[in-house]
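Hi everyone, thanks for making the time. I'd like to walk you through a structure, so have a look at it first and then we'll go around it together.

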Amino acid sequence: MSETETITVAEVSDGAGSAGDPGTTVEMPAVEVLTGRGFVTGKSGSGKSNTASVVIEKLLDRQFSLLIVDIDGEYYGLKEKYEILHVGADEECDIQVGAEHAEKIADLALRNNIPIILDVSSFLDEREAAALLTEVAKQLFAKEKKLKKPFLLIVEEVHEWIPEGGGLDECGRMLIKIGKRGRKHGLGITGISQRPADVKKDFITQCDWLVWHRLTWRNDTKVVKRVLGSEYSAAVEDLGDGEGFLVTDWSEQTRRVQFQRKRTFDAGATPGLDDFERPDLKSVSADLVGELESITEEQDRREDRIEELEQELLEKEERIRMLEQDLADARDLSRMADQFAAALFDHPGRSRMRIESEQSTLEEHPGVEYRNGRAAANGVSAGGDEGSRDGRSDASGGTSATDLAPWPEQSAGSGGGDGDGGGDGHRNGTGDVNGRSGGADDASGARVRDRSVVERLRERLESMDPTTRSMLARYRERGPLSPLDAHVAAGGSGDRTVAYSRNGELREVGFIEHAGRGEYVYVLPDLVAREFDHRLSPEQLDERVERIERYLVGGPWPAE
């Protein structure tokens with residue numbers, strides 16, 4: 001393209017504000033029109049759409065490429081003479097498109113030099129129209145940064161996209177970006193509007209060429225006065241059809257001109273009483289339509305597949321919910337059965353787990369026996385024959401039960417009593433036994449009980465794999481949790497069968513209990529309280545639970 005190539009669009013007219021000899025042809029440099037920023041305005045019926053069509057026809061005559069954003073469906077008449085691709089949401093279009101077609105539309109326009117009408121007049125949802133225009137504008141801008149090919153984007157009713165009042169949406173910001181930065185990449189933009197007062201002034205003031213057709217509304221003539229001067233604000237009200245003031249950066253004069261009439265079918269003309277006769281329109285290559293259709297088909301397949309997957313997911317989620325409910329119900333029934341069995345075979349306050357604990361202690365330490373639920377040492381004392389009367393410990397001589405407790409925090413006490421003397425121990429359970437002393441909470445029977453509980457629970461925990469033990473820690477830290485969530489949090493694979501198997505081990509011992517809705521909670525404090533027949537004070541219970549947790553798990557839980 002020659003830098004001096006021009007298009008003839010009008011002749012100088014006579015009247016107020018006229019400059020130059022009437023009848024002189026008016027030419028516009030093609031490169032400036034294609035890559036610059038233009039604005040055509042005028043009230044309805046003043047000729048603004050005709051002027052835009054004349055400019056378009058002249059550019060198409062020279063094989064220049066462009067894209068028209070048609071908001072009223074009035075530019076398809078260009079197909080009477082030109083092979084132009086008409087895309088949009090209307091069945092009258094060559095093909096129906098959406099935002100997913102934006103990149104291919106830009107490719108066809110820029111790389112294939114195909115003129116395009118982007119018809120957004122039939123979109124019922126304005127957001128879909130805005131999304132399509134936004135994506136097309138983005139693609140044009142991005143591709144022109146590399147191609148740098150002179151190309152014109154023409155936007156009808158531009159005030160709807162870049163309004164003066166209110167903020168700009170993404171589409172408006174993209175059009176402003178093209179207006180400010182598109183020229184250096186070869187991408188020009190021309191806006192058309194019947195209400196200049198409603199168009200963002202940042203756009204109007206940076207235009208290289210402007211056409212002012214007849215305007216009568218006071219707010220619009222004020223814009224003319226600010227841009228052209230007071231003499232033109234009065235004269236613009238008296239302009240004839242197709243007549244306008246042409247202002248350009250390449251001419252120092254503001255010229256009053258009469259634009260030529262468009263040569264193609266005027267699809268935007270107001271309907272009359274005569275029968276409407278649509279002309280024959282040129283069709284575009286089937287290959288071009290086929291490229292866009294392939295995108296539509298692929299999008300349809302993708303949407304169908306997404307719908308299928310979403311339906312499958314809903315069905316599977318419902319199935320999982322039902323299975324979890326069935327599992328929770330089964331566990332509730334199992335728990336009720338356990339409680340019923342315990343009520344039949346165990347006397348109140350004495351659980352099966354506690355009985356097993358006591359039996360284990362008796363087998364390991366024959367010198368210890370239970371009296372009314374408390375431990376007593378039966379060995380031969382160095383000098384005494386009577387234990388504590390409150391049932392906490394007996395000191396009958398020999399080895400004290402306190403020697404059996406392995407707690408790291410255990411140490412010799414400083415309490416009273418004679419280490420070598422015989423006779424009675426202290427009646428309140430704090431006396432000296434074979435030279436050792438301690439507080440009421442460290443009585444030999446309590447220590448034996450603690451040891452019995454811990455040894456049994458430790459053996460069960462050590463028999464479990466690391467992931468199961470880690471699940472217990474997760475229940476303690478985060479509960480309530482579902483077995484799957486606890487298994488994943490513990491580093492497991494999340495396999496449902498494995499997760500529920502590991503969970504069953506913890507539940508069987510009594511470390512966790514079902515809390516409803518398929519979730520479980522950590523209940524070691526409750527387990528310890530039952531082991532001691534709920535006789536411990538809150539402080540004593542907390543102390544024993546903390547000792548057991550440290551002894552059992554150690555590292556992952558708080559250190560001493």
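**A walk through the model**

Let's begin with a helix: in α3, the buried residues are A102, I105, A106, D107, L108, A109 and L110. That makes 7 buried residues out of the 9 in this helix, which spans 102–110, so α3 is mostly covered. Please keep in mind as I talk that this is a predicted model.

Now to the strands, starting with β5, residues 85–88. Which residues of β5 sit on each side? L85 and V87 are on one side, H86 and G88 are on the other, and all four are buried, leaving both faces covered. As a reminder for the bench, in a regular strand the side chains alternate between the two faces of the sheet.

What does β5 pair with? One partner is strand β7, residues 116–119, which runs parallel to β5 over 4 bridges. Within that pairing, H86 stands opposite I117 of β7. Strand β6, residues 95–96, also pairs with β5 in the parallel sense, this time over 2 bridges. There, I95 of β6 is the bridge partner of V87.

Further along the chain we get to β10, residues 209–212. Here too both faces are covered: W209 and V211 lie on one side, L210 and W212 lie on the other, and all of them are buried. On to the neighbours of β10. Strand β3, residues 37–41, is joined to β10 by 4 bridges, and the two run parallel. If you want a landmark in that pairing, find F39, which stands opposite L210. Strand β11, residues 243–248, pairs with β10 as well, in the antiparallel sense and over 4 bridges. The landmark on that side is T248 of β11, the bridge partner of W209.

W212 comes up again when we turn to the cores. The largest nonpolar core has 61 residues, and the members that touch the most others are L118, L175 and W212. Helix α4, residues 126–147, gives the most to this core, with 8 residues. Apart from that core lies another one of 32 residues, with A52, L59, Y75 and V257 among them. For context, in soluble globular proteins nonpolar side chains tend to be buried together.

Next, the empty spaces. How many cavities of 30 Å³ or more are there? The count comes to 2, and the largest cavity holds about 50 Å³ of space. Its lining is made up of V40, A52, V55, I56, L152, I154, T190, I192 and W209. Two or more of these residues come from each of α2 (48–61), β8 (151–155) and β9 (187–193), and α2 has the largest share, with 3 residues. By type, the lining of this cavity divides into 8 nonpolar residues, 1 polar and no charged.

The second largest pocket has a volume of about 510 Å³. It is lined by 25 residues, and the closest to its centre are G45, G47, S49, N50 and G268. The elements giving two or more residues to this lining are α2 and β12, with α2 giving the most, 4 residues. What types of residue line the second largest pocket? The split is 3 nonpolar, 12 polar and 10 charged.

Since β12 has come up, let's stop at one of its residues. T254 belongs to this strand, which covers 254–259. Why does T254 count as buried? Its relative accessible area is 16%, and the cut-off for buried is under 20%, so T254 falls on the buried side. Leaving aside residues up to four places away in sequence, T254 touches G17, A19, Y232, F245, L246 and V247.

My last stop is A529, in helix α15, residues 524–531. With a relative accessibility of 11%, A529 is also under the 20% cut-off and therefore counts as buried. Leaving out residues up to four places away in sequence, A529 touches H534 and L541. Look also at D542, which is 13 residues from A529 along the chain; the C-alpha atoms of the two are separated by 9.7 Å.

That's my tour, and I'm happy to go back to any part of it with you.

Conventions. Residues numbered from 1 in each chain as written. Predicted model: local features only at pLDDT ≥ 70, side-chain atom pairs only at ≥ 80, totals over all residues. Heavy atoms only, no water. 1 Å grid on protein atoms, 1.4 Å probe; cavity = no way out; pocket = protein on both sides within 12 Å on 5 of 7 lines; lining within 4 Å. Points joined across faces, edges and corners; volume = space filled by probe spheres on them. Nonpolar A, V, L, I, M, F, W, Y, C, P; charged D, E, K, R; others polar. Buried < 20%, exposed > 50% of the residue type's maximum accessible area, 1.4 Å probe, protein only. Pairing = 2+ DSSP bridges. Contact = heavy atoms within 4.5 Å. Core = buried A, V, L, I, M, F, W, Y, C linked by side-chain atoms within 4.5 Å.
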